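Here's a quick look at how one chain pairs up its charges and how one of its helices sits. Have the viewer open as you read.

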Amino acid sequence: MARCYSVPVKIRQPSVPLLWLVSDARNDARIERALARLPRGSGLVFRHYHLPRHERRARFEACARVARRFGHVVVLSGDARAARDWRAHGAYGSPERLARGPDVLRLATVHSLRELARAHRARADAVLISPAFATASHPGGRALGSVRWKLLAARAQVPAIALGGMTARRARALGAARWAAIGALSHASSSRT
């Protein structure tokens, strides 16, 4: 009698987009318009921490429908299991939050070399290195600046995404192939790289 062996199958993850729109309360009213203006195949990191769980899920579904219509990758701020349950392409969060769970695209937040090492151990597919510059998300917070951002990005074993005070012009000056923003990509004049 022949033996049957199960072979683990690696689920093919989408490639890591160059441009990411990050959602929150400040850009909620403009997300659909912003997604429509982004180049096809961009990404959406859905956060919306300000909403209660049931409202957050409904808002996620609405934004995900628009994003998918334009061929965008949809990533949920949460763990890998929640991302799979919500039918997102991936999960976004701290390396510790992403270390376990099903095989989905993993975007880890990184602010230091120590966190970068944790992101690598957590099987991150990309790292959002932040804050590159001063940002409204963390008023008065210390930004990495160009030199420290580039040092972290150079040590990343996966694609590095610049986040924090980013615009298309700052991304070019930084030499960042990939970047993410909340406000800069939510306004009509800033959506193109």
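## Salt bridges and helix α5

Arginine 26 and aspartate 24 make a salt bridge, their closest N and O atoms 2.6 Å apart. The term here means a side-chain nitrogen of Lys or Arg within 4 Å of a carboxyl oxygen of Asp or Glu. This is a predicted model, where local features need pLDDT of at least 70, side-chain atom pairs count only at pLDDT 80 or more, and totals for chains, interfaces and linings use all residues. Residues are numbered from 1 along each chain as its sequence is written, and side-chain values use heavy atoms, with hydrogens and water left out.

The structure holds eight salt bridges, including these:

| Pair | Closest N–O distance |
|---|---|
| Arginine 26 – aspartate 24 | 2.6 Å |
| Aspartate 28 – arginine 59 | 2.7 Å |
| Aspartate 85 – arginine 84 | 3.5 Å |

Shared partners also tie Asp24, Arg26 and Arg47 into one network.

How exposed are the partners? Buried is under 20% relative accessible area, exposed over 50%, and partly exposed in between (1.4 Å probe, protein chains only). Aspartate 24 is buried at 10%, while arginine 26 is partly exposed at 41%. Likewise, arginine 59 is buried at 17% and aspartate 28 partly exposed at 22%.

Now for α5, residues 113-121 (helices are DSSP runs of H or I, at least four residues, numbered from the N terminus). Its buried residues are Glu115, Leu116 and Ala119. They sit on the same side of α5 because they cover an arc of only 105° around the axis, taken from the directions from the helix axis to the C-beta atoms. The face turned away from that buried side carries exposed Arg114 and Arg121.

Conventions. Helices (H or I, at least four residues) and strands (E, at least two) are DSSP runs, numbered from the N terminus.
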